[in-house]
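Have your viewer ready and a selection box open. We will walk through one part of this model step by step, picking something to select at each stop.

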Amino acid sequence: MATALSAFAPYVQPDVDDAPLVLIEDAIRDGCRRFALDTWLFTSDVTIPTVASTQSYTVTAAALTEIIGVKTISIDGATPIEPIPEDTAKRYVQADGTPSGYWFKNDLLWTYPTPDSVVSMAVEAVIRPTQAATTVDDKFVEYREAVAAWAKYSLMSMVGKPWSNPPEAEFFHRVYTQRVGEEKARDNTGRVAVDLRVRPNFF
């Protein structure tokens with residue numbers, strides 16, 4: 001399911017009242033994109049069948065999302081393979097077994113060694129909304145404070161606008177950074193992170 005960018009506007013607009021809605025929605029989109037990039041919390045499962053003697057594969061994202069990284073890859077849903085340096089991945093192109101390593105960049109996945117048979121690669125791809133997205137994954141609602149904080153930081157940092165406010169921009173940048181740290185801690189440890197906010201929740 002997807003949530004419209006406009007649904008986040010009430011969490012941003014009161015602090016930048018003079019900003020046009022189109023700019024607010026642009027800043028919200030940027031906040032979603034930045035939060036996804038900084039936390040790697042948003043993933044999509046992609047299955048890629050290998051082809052004998054073929055080393056590289058394109059990892060395709062769903063509509064209005066783009067792939068920014070790979071969290072995990074496993075062979076036939078069981079055996080994990082590890083990330084390796086680019087020069088290692090591209091060094092050996094002769095078909096020589098089941099992949100044990102991979103290198104990923106710009107939607108392109110290189111396997112090492114080059115597969116000599118058909119196996120299924122289960123790819124946990126990290127995604128974010130594209131710059132053209134008008135809706136985002138419903139999961140972003142859970143992180144609306146971080147998204148709104150980045151949007152307000154971005155808008156208040158604009159020079160010479162009625163809604164410009166550099167001191168408040170810095171404050172909301174700190175709020176965003178703290179939220180990112182908390183969510184990364186939760187993702188990495190599974191424990192509830194300490195609340196580091198420096199002033200009460202706005203939502």
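A word first on "buried": here a residue counts as buried when its relative accessible area is under 20%, computed with a 1.4 Å probe on protein chains only. Keep in mind as well that you are looking at a predicted model.

**Stop 1: a pair of rings.** Select Phe35 and Tyr143; by that cut-off, both are buried. The whole structure holds six aromatic pairs, and Phe35 with Tyr143 is a tilted one, with 5.0 Å between the centres and 35 degrees between the planes. Along the chain these partners are 108 residues apart: Phe35 belongs to helix H1, while Tyr143 sits in the loop between S9 and H3.

**Stop 2: a stacked pair.** Now add Phe42 and Phe140. Their rings are stacked, 3.9 Å centre to centre with 15 degrees between the planes. This pair also links distant parts of the chain, 98 residues apart, from the loop between H1 and strand S2 (Phe42) to the loop between S9 and H3 (Phe140). Are these two buried or exposed? Phe42 and Phe140 are both buried.

With all four side chains on screen, you have one aromatic cluster: Phe35, Phe42, Phe140 and Tyr143. Show Lys139 too, and you will find it over the face of Phe42, 5.3 Å from the ring centre.

**Stop 3: the helix behind Phe35.** Select residues 21-39 to see H1 in full. Its 19 residues reach 27 Å from the first C-alpha to the last, close to the 27 Å expected at 1.5 Å a residue. Colour its buried residues, among them Ile24, Ala27, Ile28, Gly31, Phe35 and Thr39. An α-helix has 3.6 residues a turn, so residues three or four places apart point the same way.

What covers the buried residues of H1? The cover includes strands S4 (65-75), S8 (120-129) and S9 (135-137), together with helices H3 (144-156) and H4 (166-189). Step just past the end of H1 and you reach Trp40, whose phi is positive, near 55 degrees.

**Stop 4: a glutamate beside the rings.** Finish in helix H4, where you can pick Glu183. Because its relative accessible area is 12%, Glu183 counts as buried. Leaving aside residues up to four places away in sequence, Glu183 touches Phe35, Leu41 and Tyr143, which brings us back to the tilted pair from the first stop. Last, draw the distance between the side chains of Glu183 and Arg186: a polar contact of 2.9 Å joins them.

Definitions and conventions
Residues numbered from 1 in each chain as written. Predicted model: local features only at pLDDT ≥ 70, side-chain atom pairs only at ≥ 80, totals over all residues. Heavy atoms only, no water. Helix = DSSP H or I, 4+ residues; strand = E, 2+ residues; numbered from the N terminus. Expected span 1.5 Å × (residues − 1). Buried < 20%, exposed > 50% of the residue type's maximum accessible area, 1.4 Å probe, protein only. Contact = heavy atoms within 4.5 Å. Phe/Tyr/Trp six-rings, centres within 6.5 Å; stacked < 30°, edge-to-face > 60°. Lys NZ or Arg CZ within 6 Å of the ring centre and 35° of its normal. Polar contact = N/O pair within 3.5 Å; in protein donor to acceptor, adjacent residues only side chain to side chain.
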